[in-house]
Amino acid sequence: MKNLCSKSLGLLTVLIVSVLFLLSCRTKDTIPIIETGGQTPMPDQWIDKDTGHKLTKLTRNNSDNRSFYFHNNPFLPTADGKGTLMVYYGNQNEGVSDHYYGGQQVRQLYVLNLQTLESQKLTNNTAPIHGEIVAKKHREVVYQSRDTVYATHVDKGSTRVLYVFPDSLRRTGITTLNADETLLAGVFSVPEKDSILKYHPKKSEFFQLIYEAKLPHTIFTVNTETKELKPVHSDTAWLNHVQFSPTDPEVLMFCHEGPWHKVNRIWTIRMGEKEPMLMHERTMHREIAGHEFFSVDGQTVWFDLQKPRGETFFLAGTSLNSGKEVAYQMERDEWSIHFNISPDQKIFAGDGGNETQVAKAKDGRWIYLFYPDDEMKKLKSEKLVNMKHHDYDLEPNVHFTPDGKSIIFRANFEGMSQIYCVEIKK
């Protein structure tokens with residue numbers, strides 16, 4: 001009898017293990033292994049057949065959705081601290097193609113729970129809005145509509161006015177908020193710049209024209225408590241790409257905009273000081289440095305470096321404390337429009353590029369992961385997503401999730417721009 005029970009128990013154990021194994025296989029089989037962008041619509045989840053990495057579609061409606069620009073943090077923890085929220089732009093009008101979406105006419109701000117994928121609308125402005133600023137300390141998203149800067153609470157939905165620009169500066173825009181959330185910053189110029197943008201709306205036209213015009217530009221701050229607007233730095237160079245350090249509320253970075261091979265682009269300035277500091281000086285004809293961003297700890301400024309333009313490619317970083325520079329070389333096909341750094345600052349990501357970009361890459365349409373080799377001063381790459389069906393007129397703009405396990409990007413391989421997440425671990 002005892003032997004019979006033992007045999008029965010053994011058979012039951014084998015049966016349970018077999019069922020669990022079959023269920024496991026079935027679960028894996030429900031996630032298809034397919035070509036990214038090879039069909040429309042794509043499923044909610046799939047395995048990229050070319051890389052083996054799992055993707056999840058985060059926005060699942062028939063409208064245009066866009067994640068933030070690469071150096072603007074879109075994340076904050078949920079109210080209970082157990083999950084992660086992501087702020088993004090969504091389109092109110094369903095069926096508006098990515099190719100016809102102007103970006104400001106109909107978009108509103110939304111917040112997405114990355115664990116539940118529940119989305120909540122935050123704004124409902126009738127006028128265009130812009131600004132991509134998440135204030136983690138106050139749990140607000142900061143944005144501008146016409147002459148007014150607003151802050152909307154991501155949990156309560158309440159909105160307050162942070163600042164109203166005077167009539168003389170009503171076309172001025174804010175772009176960044178400092179680490180302790182006491183200062184907003186942006187740039188104002190002169191009406192002649194608005195005229196250039198109005199009559200030459202294509203970047204291929206206005207980029208060179210504004211650079212050559214040498215118009216006065218001024219970086220300013222606005223105190224969020226006292227409402228004082230204060231000029232910080234003025235120049236006849238085109239000042240742009242203004243961003244505060246993520247950790248030091250007194251450090252601001254900006255660029256001299258224009259054709260990259262003609263400018264010493266990347267500068268920082270400390271609040272209260274008059275002279276900015278150049279972060280990378282060009283060393284050869286047609287050398288370029290750009291698309292600069294801070295490291296997570298705010299100690300390093302990272303940037304795309306090419307010596308010269310379109311020839312040899314690096315991801316470089318300059319220490320704010322020592323001024324020492326490090327540069328990791330990469331292959332032509334690995335060059336990316338934008339790079340970003342992981343929360344632990346050990347690896348990087350890139351959003352690739354097509355053959356019309358500066359690298360003229362023959363096989364550059366990938367979302368990349370990069371591992372720096374400090375001994376060889378090179379980047380070792382891993383392909384995460386095949387982007388051959390994506391139109392690079394829309395820049396993917398990669399972001400690491402706060403847990404460092406995934407990379408979020410936007411893409412239009414389904415016709416509309418949607419937001420996707422790719423897991424780093426296969």
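**Entry 1: cavity.** I looked up the lining of the largest cavity in this predicted model and found Val263, Asn264, Arg265, His280, Arg282 and Ala289 around it. I noted a volume of about 30 Å³ for the largest cavity. I then asked how many cavities of 30 Å³ or more there are. The count gave one.

**Entry 2: second largest pocket.** I turned next to the second largest pocket, which holds about 970 Å³ of space. Its lining comprises 38 residues, and I recorded those closest to the centre as His71, Asn72, Asn73, Lys136 and Pro246. I also looked up which elements give two or more residues to this lining. They are strand 5 (75–77), strand 9 (130–135), strand 13 (173–177), strand 17, strand 21 (288–294), strand 25 (339–341) and strand 29 (399–400).

**Entry 3: salt bridges.** I searched the whole structure for salt bridges and obtained 14. I examined the one between arginine 270 and aspartate 248, where the closest N and O atoms are 2.9 Å apart. Arginine 270 belongs to strand 19 (residues 266–270), while aspartate 248 sits in the loop between strand 17 (239–244) and strand 18 (251–256), so this pair ties together parts that lie 22 residues apart in sequence.

**Entry 4: surface charge.** I asked which residues gather in a patch of positive charge on the surface. I listed Lys262, Arg286, Arg309 and Lys360. For lysine 360 I also checked the place in the chain, and I found this residue in the loop between strand 26 (348–350) and strand 27 (366–373).

Technical notes. Residues are numbered from 1 along each chain as its sequence is written. This is a predicted model: local features need pLDDT of at least 70, side-chain atom pairs count only at pLDDT 80 or more; totals for chains, interfaces and linings use all residues. Side-chain values use heavy atoms; hydrogens and water are left out. Patches are made of residues with over 30% relative accessible area and no salt bridge: like charges are joined within 9 Å, nonpolar side chains (Val, Leu, Ile, Met, Phe, Trp, Tyr) within 5 Å. Accessible areas come from the Shrake-Rupley method with a 1.4 Å probe; for residues, only the protein chains shown count as cover. A salt bridge is a side-chain nitrogen of Lys or Arg within 4 Å of a carboxyl oxygen of Asp or Glu. Lys and Arg count as positive and Asp and Glu as negative; His and the chain ends are not counted. The place of a charge is taken as NZ of Lys, CZ of Arg, CG of Asp or CD of Glu. Helices (H or I, at least four residues) and strands (E, at least two) are DSSP runs, numbered from the N terminus. On a 1 Å grid over the protein atoms alone, a cavity is a set of points where a 1.4 Å probe fits but cannot get out, and a pocket is an open set with protein on both sides within 12 Å along at least five of seven lines; lining residues have an atom within 4 Å of a point. Grid points are joined across faces, edges and corners, and a volume is the space filled by probe spheres set on the points.
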